[in-house]
Amino acid sequence: DGLAVTGDFWKVAIGGGTISFDDDATNVATATIYLDKALAAEGVDMGDVTLALSIGNTTTFKPADVYTDSNDAVAELEMAGSDYTSSVTVGYGTLATVQLAADLADGTNKPMVVGVKAVPVDGISAAVGYTNYATGSAKGGVTGSVTADVAKLAGLDFGLTVSAIDVYLTTPETNKLYVEAKGSYEDIAAWVEYQNIAGTSNLIAKATFSGIENTSVYAKVKLNDLSDIATVIGAGASYAMGGVTYALDAEYTAATKTTTVKPSVKIAF
């Protein structure tokens with residue numbers, strides 16, 4: 001569902017979503033220039049400063065966040081453009097990164113994004129973002145996220161992180177909060193996520209066991225609305241062989257009494 005070609009000083013990416021090859025389809029493509037690397041090759045010492053320029057025909061842009069997002073379903077803040085988005089990203093080592101982006105082709109709404117990500121203390125990271133014209137809002141929105149590596153901060157002998165992200169849209173006024181805790185010990189990993197989306201609370205939990213060579217199995221449960229329990233139960237397994245991962249996932253929804261089974265194949269090269 002995507003393809004990227006990278007050189008020493010540039011990267012060209014196509015997709016990042018579903019690529020369509022119909023005659024009338026428009027595929028998302030982005031070109032990025034790593035200006036700091038190009039200047040360094042010309043003898044300009046940038047020190048710890050990084051600088052990247054990007055342009056593409058994507059109509060959206062998301063400021064960076066630090067949320068762990070194991071569920072991969074966060075409604076992130078997203079700038080809504082109309083045609084082309086240009087961005088500048090400036091970083092200083094691993095300490096901080098600043099993003100500036102705008103859709104220069106949209107002279108009516110003039111959408112833009114400002115984002116800042118920082119690591120003030122080893123084991124703690126944070127990010128904030130703002131756009132004046134957000135997807136799902138007639139106006140703009142703000143977002144903030146934070147992650148704490150509790151295992152690193154406390155010197156634990158097992159993995160444990162706690163993370164949160166909040167997205168607020170101004171018109172219509174909507175708030176989306178996600179909080180996640182995840183841990184790991186030897187061959188067992190688990191996470192639990194609490195969601196409060198426009199006043200509706202959800203809870204999702206997943207546990208994975210990978211103690212069998214090349215094999216992973218998991219179980220998952222989701223409470224869609226804690227005020228009116230609507231349970232979704234899922235399970236699955238995967239097996240990796242020769243650069244190919246074969247997987248089978250199943251999900252049962254109690255409210256509709258339906259079961260969904262999804263086989264998949266993933267090829268890495």
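Which side chain meets that of Lys152 in a salt bridge? The partner is Asp122, at 3.5 Å from N to O; a salt bridge is a side-chain nitrogen of Lys or Arg within 4 Å of a carboxyl oxygen of Asp or Glu. The structure is a predicted model, in which local features need pLDDT of at least 70, side-chain atom pairs count only at pLDDT 80 or more, and totals for chains, interfaces and linings use all residues. Residues are numbered from 1 along each chain as its sequence is written, and side-chain values use heavy atoms, with hydrogens and water left out.

**Salt bridges**

- The structure holds three salt bridges.
- Side chains of opposite charge can pair when their charged atoms come close.
- The side chains of Lys152 and Asp122 form one of these salt bridges, at 3.5 Å from N to O. The pair links distant parts of the chain, 30 residues apart: Lys152 belongs to helix α2 (residues 150-154), while Asp122 is in the loop between β9 (112-121) and β10 (124-131). Helices (H or I, at least four residues) and strands (E, at least two) are DSSP runs, numbered from the N terminus.
- Lys152 is partly exposed, with a relative accessible area of 47%, whereas Asp122 is exposed at 57%. Buried means under 20% relative accessible area, exposed over 50%, and partly exposed in between (1.4 Å probe, protein chains only).
- A salt bridge also joins the side chains of Glu76 and Lys62, at 3.0 Å from N to O. Glu76 and Lys62 both lie in the loop between β5 (60-61) and β6 (79-80), 14 residues apart, and the pair links distant parts of the chain.
- Lys62 meets Glu78 in a salt bridge as well, with an N to O distance of 3.9 Å. Lys62 and Glu78 lie in the loop between β5 and β6, so their pairing ties together parts that are 16 residues apart in sequence.
- Lys62, Glu76 and Glu78 are thus linked in a network of salt bridges. Within this network, Lys62 is partly exposed at 40% relative accessibility, Glu76 is partly exposed at 30%, and Glu78 is buried at 18%.

**Strands β11, β12 and β13**

- Strand β11 (residues 141-149) contains Ser145.
- β11 pairs with strand β12 (residues 159-169) in the antiparallel sense over nine bridges; two strands pair if DSSP finds at least two bridges between them. Thr147 stands opposite Ser163 in β12.
- β12 in turn pairs with strand β13 (residues 174-185), again in the antiparallel sense, over 11 bridges. A hairpin of four residues joins β12 to β13.
- The bridge partner of Ile165 in β13 is Tyr178.
- In a regular strand the side chains alternate between the two faces of the sheet.

**The surroundings of Ser145**

- Ser145 counts as buried because its relative accessibility is 8%.
- The side chain of Ser145 reaches the backbone nitrogen of Val66 at 3.1 Å.
- Leaving aside neighbours within four places in sequence, Ser145 is in contact (heavy atoms within 4.5 Å) with Asp65, Val66, Tyr67, Ser125, Ala126, Ala127, Ala164 and Ile165.

**Aromatic rings and charges**

- The structure holds one aromatic pair. Tyr67 and Tyr178 form this tilted pair, at 6.4 Å centre to centre and 55° between the planes. Rings of Phe, Tyr and Trp (its six-membered ring) pair if their centres lie within 6.5 Å; planes under 30 degrees apart count as stacked, over 60 as edge-to-face and the rest as tilted.
- Tyr67 lies in the loop between β5 and β6 and Tyr178 in strand β13, so the pair ties together parts that are 111 residues apart in sequence.
- Tyr67 is buried at 6% relative accessibility, and Tyr178 is buried with a relative accessible area of 1%.
- The charged end of Lys37 sits over the ring of Tyr34, 4.9 Å from its centre. A charge sits over a ring if NZ of Lys or CZ of Arg is within 6 Å of the ring centre and within 35 degrees of the ring normal.
- Over the ring of Tyr218 sits the charged end of Lys206, 4.2 Å from the ring centre.

**Ala29**

- Ala29 is found in strand β3 (residues 29-34) and is partly exposed, with a relative accessible area of 30%.
- Outside its neighbours within four places in sequence, Ala29 is in contact with Ala13, Ile14, Ile55, Gly56 and Asn57.
- Ala29 and Val49 are 20 residues apart along the chain, and their C-alpha atoms are separated by 26 Å.

How values were computed: A polar contact is a pair of N or O atoms within 3.5 Å; within protein, one must be able to donate a hydrogen and the other to accept it, and residues adjacent in sequence count only if both atoms are side-chain atoms.
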